[in-house]
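Morning, everyone. Please pull up the sequence and the model, and we'll walk through a few spots together.

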Amino acid sequence: MEKVYAKKEQCYGCTACANICPQGAITMQEDKEGFFYPEICLNKCIDCKICVKVCPFHSEKKQEDYKQRYFAVQHRNPQIVMESSSGGIFTALSDCVLRTGGVIYGAGFSEGFIIRHYRALDEDTRNKHRGSKYVQSDMNRVMKEILEDLSAGKTVLFSGSPCQTAGVRNYILAKRKVLNNLLLCDFICHGVASPKVWRDYIKYLEKNCDGKLERYKFRGKKEGWHNFFPLIEADGLDVSLRYRNKDSFFLLYATCYLNRTSCYSCRFTSYDRFSDITFADFWNVKEVAAHLDNNTGTSEVLINTRRGEEWFQRCISEIKFEECTRKQAWQPHLEYPNELPGKRAQFWQEYAERGFEETLHKYGKGNFMSKCKRIAMPIVKKTGLYVAAGKLYGFIFSGKAVRKNGKNK
C-alpha cells in the first residue's frame, strides 16, 4: 500500500480520492486515533493521478466575480430556531430545495449514534441533519449518490465541513465539469473530533446512564443560546447535568486534543470559501441586529456565489435578516485555525495506555485554555468585545498558524 498524501497534515479525510479512483485502488483506512486516511493498492493503481487533482489540499478554487455578502439571520418560526443550533438558516434553505423535489445531504445520527452523512427526501429525515455535530462524519459513498441525483436532474443541497464541501465540489467538477443544480453549504469550523473517541464516549454513557441512551444533542438551548450545553436523555430521563462540568465530551472537544491533525493548519479557515453559502453562530449579533438577539439563536450567513444568493433570495419569506459588513461578521476561524495544543501527544499516549474512561476523567473537565475561554466568552459577548478579543487571541496564540496558511487566504 502507498499513501495518497505525504504527511497526515495534508489529508482532510474527505474521501474524494477514494470515490474518484477509476480502478477502485484507494481505500480509507482507520488510524490509531480513529481518523480515516486513503491508501493506494499499487497492484490496481494506473498512476492517472486523478486522486491528486480532486484533493482539496492541492486544489485551488477558481475565483468567481462575486462580492461576498454577510447576514444575520433568524427563522420566523420560533420552534425551528429552538431546534436548530443557531438561527435555523439550514432549515429555511433545505425546505426550498425539498419543495422543488430536491435532495438534502447532511450529517446525522445513525444506529448507535454514529455520525454519518446520508440522503434526505422529506422533512422528517432532513430534520435529523439539524444541529452541530463536532465529530468527523462518515461520508461513505455520498459523493457517488450526489452524482446520481444530479445526473437524474434533481437539485441537491449538500451541507458539511469546509473540507468535505471542497471534496464534493472537486469530485462533481471532475465527473460533470459543471455544478448546475448543486447547492454547497459549509460552516465555520472549529475542527473535527475523532470518531473513535465519540464511539467510546457513547459506550461510556450507555454503561453509566442506567438505561438506554435515547437522545444526544450537542447544543441544547434549555438555558438559552448564549449558555448552551449538550442535551442527553436516557431511559426517558434527562441526565444532562451529570455530564455538564465533568466527563463531558463537549469540554473534552474544547481542549482541541481530539481534532484531526490537518485541522491545526487548515487552509479553509479563510473567507475564500469553496461553498455557495457558509453558516455559523452570529455571536456578534448584538452589535449588528439587536432585534434578533433574543437568546434563542441567530445564524451568521456568508453568501459566497451567485448561486448562493439566488437560493438565499428564495427563502427570504421564511427568515428575518439584517445585512452587515465583513468586519461585523468576523469570526476567528475565518482567519486562523486552532493552535496545536502542547499536550495533544500526551493525551493520545494516555488514551492508548490507560484507556478511555481514565483519560475522560482526567481531561473531561477541559484544560486551562478551554476553561479560560468558557469564562471569558459570556463577558466578551455581553460587552461587545467579541471581535476585538478574537483578534487579540489570534495574534497571541495563533500567529504561527496564520502566517503558515497566509498564502491560502
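Let's start with a loop. Aspartate 235 sits between β10 (229-234) and β11 (237-238). What is its phi? Near 55°, a positive value, and this residue is not a glycine. Keep in mind that this is a predicted model.

There is another such case further along. Asparagine 295 has phi near 65°, again positive in a residue other than glycine. Look for asparagine 295 in the loop between α10 (285-288) and β13 (299-303).

Now the helices. Take α8, residues 195-208, and α13, residues 356-363. Their axes come within 10 Å and cross at roughly 90°. That crossing makes α8 roughly perpendicular to α13. Which residues meet there? From α8 we have Val197, Asp200, Tyr201, Tyr204 and Lys207. From α13 come Phe356, Glu357, Leu360 and His361. By type, the contact of α8 with α13 holds five nonpolar residues, one polar and three charged.

Helix α13 has another partner, α12, residues 344-354. Here the axes come within 7 Å and cross at roughly 145°. On the α12 side, the contact uses Gln346, Phe347, Glu350, Tyr351 and Arg354. On the α13 side, it uses Phe356, Glu358, Thr359, Lys362 and Tyr363. The split for α12 with α13 is four nonpolar, two polar and four charged. Note Phe356: it meets α8, and it meets α12 as well.

Back to α8, this time for a pocket. The second largest pocket has about 400 Å³ of space. How many residues line it? The count is 20. Nearest the centre of that pocket lie Phe36, Ser137, Asp138, Met139 and Asn140. Three elements supply two or more lining residues each: α1 (16-20), β6 (115-120) and α8. Which element gives the most? That is α8, with three residues. Overall, the lining divides into ten nonpolar, six polar and four charged residues. So α8 turns up in two places: in the contact with α13, and in this pocket lining.

Last topic, salt bridges. The count comes to 26. Let me pick one of them. Arginine 273 pairs with aspartate 186, and their closest N and O atoms are 3.1 Å apart. Where are the two partners? Arginine 273 is in the loop between α9 (249-254) and β12 (277-281), while aspartate 186 is in strand β8, residues 182-187. The two are 87 residues apart in sequence, so the bridge ties together separate parts of the chain.

That's the tour. Questions, please.

Key
Residues numbered from 1 in each chain as written. Predicted model: local features only at pLDDT ≥ 70, side-chain atom pairs only at ≥ 80, totals over all residues. Heavy atoms only, no water. Axes fitted to C-alpha atoms, helices over the stretch in contact; angles between N-to-C directions. Helix = DSSP H or I, 4+ residues; strand = E, 2+ residues; numbered from the N terminus. Parallel < 35°, antiparallel > 145°, perpendicular 65-115°, else oblique. Contact = heavy atoms within 4.5 Å. Nonpolar A, V, L, I, M, F, W, Y, C, P; charged D, E, K, R; others polar. 1 Å grid on protein atoms, 1.4 Å probe; cavity = no way out; pocket = protein on both sides within 12 Å on 5 of 7 lines; lining within 4 Å. Points joined across faces, edges and corners; volume = space filled by probe spheres on them. Salt bridge = Lys/Arg side-chain N within 4 Å of Asp/Glu carboxyl O.
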